[in-house]
Amino acid sequence: MADPVMPLAEAFAALGTPEGRQDPYPLYEALRAHGNVAQRAPGRLVVTGYEECARALRDAALHVQDGRSYDAHYPQWRAHSSLRAFTSSMLYSNPPDHARLRNVVSFAFTPPKVARLHDVIAGMCDRLLDRMAGLGAGGADVDVIGEFASRLPIAVISAMMGFPEQDQVWFRDMASRVAVSTDGFTDPTALEQADEAMDEMSGYFAELLDHRRRRPADDLVTLLAEAHDAGDGRLDHDELHGTLMVLLTAGFETTSFLIGHGALLALEQPSYAHLLRTGPEFAAGYVEEILRFEPPVHVTSRMATRDLVLGDVPVAAGSRLTLILAAANRDGRRFADPDRFDPARTDSKPLSFGLGSHFCLGAPLARLEARIALPALLRRFPDLAAVAPPVYRDRWVVRGLDTFPVRLGADAGART
Ligand code: HEM
């Protein structure tokens, strides 16, 4: 347990240490002890309250980081191809560009469109579980993250985008390396690796885009190439690459971590595994509670474009706000017994996908994948068991399990 009187700056700094990243929750409580909105340095606020985070996410006067804000704080940012790609995407854009960039692809991610992917996703799960059965036959350990949780999201988004199946594992590894750049300038070596991966991916995207121009298909790469080539100002060259990259990276690790935590908690508590196996309707509430309790995205940030008040704290124009979604999801004013995992909660509405204009485009897709994947995994391997504790990724912003070795059980080879 962190010291409740730990100074604010010290608690915040501890989130950047390996120990803090392994278990940030006690540090969130140490921050909360200083207020739901607290000033950690001049012009720097940290927000841990649910209401305050929700209001900040919805407030049009609070902008996401974009090229202009990078110019002010990190003049050298343009030297980094990974940062250039992110800043050319909707995730790092503000009005008026944001809506334009989002509109190019948003129709493909609506709940009805995504619901139609149900059987495709179920088929992908079955194929991945067949493969896992082969790997674990005879009692061999299998990493449920590397072989299942991380493969499903990349297979799904690759199919939507039109990436060839044989390149998916390569994409997964590249996307992992590029995503590190979202941790900002804290780790120069990781940023260098993110740039290298981005350059490789850009070369690949260019070839694939050319291929689709010659042979159009019913996929997002074709659609994005057309939007760019129309020359009507919908999507310039950098935005085309930024959109491809953000669609690939935003949903891959996040959904992998959602499924990974779902598997971990089900193996820790066999009654959940039983309910997931026997009553698939239980999966919806279970997935919602995983999102609240162990959100894959812990933190996002905003910048105030004018003076405003958040909670009862004045926020001056130019201030930067760190919104800790994972802390908001455990705010005792909003959730009874917030540190207890309880899939029976109703009307939970965690902030795990954000809110407002940047609300996660892939939320319906991520939910559907997890709701299909977890029951399928547990039905296929009724004796699934952990063989060692999972290893957490050493990162704060996007946090989850890197590896989790399991044994599949006696009749792993058989299909149920
Ligand atoms: C459990 C899985 C996921 C989580 C926890 C998650 C979380 C988030 C969060 C918190 C944001 C908002 C960031 C902010 O406001 O600063 C966001 C935005 C976004 N997410 Fe997700 N995401 C997930 C899966 C996906 C998937 C599967 C996709 C697939 C395409 C996706 C695509 C996006 C995009 C494009 C945005 C930017 C939206 C905008 O700026 O308008 N995400 N996500």
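**Entry 1: strands S2 and S8**

I began at Val47 and looked for the residue it faces in the neighbouring strand, and I found that Val47 stands opposite Leu323 in S8. I kept in mind from the start that this is a predicted model. Going back along the pairing, I noted that Leu45 has Leu321 in S8 as its bridge partner. I then looked up the pairing as a whole: strand S2, residues 44–47, and strand S8, residues 320–324, run parallel and are joined by four bridges.

**Entry 2: the hairpin**

Next I turned to the other partner of S2, and I saw that S1 and S2 pair in the antiparallel sense, again over four bridges. One of the pairs I checked is Ala41, whose bridge partner in S2 is Arg44. The two strands form a hairpin with two residues between them, and in the turn I found Gly43 with a positive phi of about 75°.

**Entry 3: the sheet of five strands**

I wanted to know in what order the strands of this open sheet lie. Reading across the sheet, I wrote down S1-S2-S8-S5-S3, five strands with mixed pairing. The edge strands are S1, residues 37–41, and S3, residues 62–63, and each of these pairs on one side only. I also looked for what lies across the strands, and I found helix H4, residues 50–58, which lies across S1, S2, S3, S5 (299–304) and S8 and runs at about 125° to S8.

**Entry 4: the sheet of three strands**

There is also an open sheet of three strands, which I read in the order S4-S12-S9, with antiparallel pairing. Strand S4 (142–143) and strand S9 (385–386) stand at its edges with a single partner strand each, so one side of each is left without a neighbour in the sheet. I looked at the pairing of S9 with strand S12, residues 405–407, and found it antiparallel over two bridges. In that pairing, Ala385 has Arg407 in S12 as its bridge partner.

**Entry 5: the ligand**

I then asked which residues are closest to the ligand. Of the 26 residues that surround the ligand, the closest are His98, Arg102, Thr300, His358 and Cys360. For three of these I noted a distance from a polar side-chain atom to an oxygen atom of the ligand: 2.7 Å for His98, 2.6 Å for Thr300 and 2.6 Å for His358. The elements that give two or more residues to this shell are helix H7 (97–105), helix H15 (237–250), H16 and S5. H16 gives the most, with three residues. Sorting the residues of the shell by class, I found 14 nonpolar, ten polar and two charged.

**Entry 6: H16 and H20**

As H16 had come up at the ligand, I looked up how this helix packs elsewhere. Helix H16, residues 252–268, packs with helix H20, residues 363–380, at an angle of about 35°, and their axes are 10 Å apart. The crossing of the two helices is right-handed. On the side of H16 the contact is made by Thr255, Leu258, Ile259, Gly262, Ala263, Ala266 and Leu267, and H20 brings Ala366, Glu369, Ala370, Ala373, Leu374, Leu377 and Leu378. I last asked how the residues of this contact divide by class. The answer I wrote down was eleven nonpolar, two polar and one charged.

Definitions and conventions
Residues are numbered from 1 along each chain as its sequence is written. This is a predicted model: local features need pLDDT of at least 70, side-chain atom pairs count only at pLDDT 80 or more; totals for chains, interfaces and linings use all residues. Side-chain values use heavy atoms; hydrogens and water are left out. Axes are lines fitted to C-alpha atoms, for helices over the stretch in contact, and angles run from 0 to 180 degrees between N-to-C directions. A crossing is left-handed if the near helix is turned anticlockwise from the far one by less than a right angle, and right-handed if clockwise. Contact means heavy atoms within 4.5 Å. Ala, Val, Leu, Ile, Met, Phe, Trp, Tyr, Cys and Pro count as nonpolar, Asp, Glu, Lys and Arg as charged, and the others, Gly among them, as polar. Two strands pair if DSSP finds at least two bridges between them. A residue is near a molecule or strand if one of its heavy atoms lies within 4 Å of it. A polar contact is a pair of N or O atoms within 3.5 Å; within protein, one must be able to donate a hydrogen and the other to accept it, and residues adjacent in sequence count only if both atoms are side-chain atoms.
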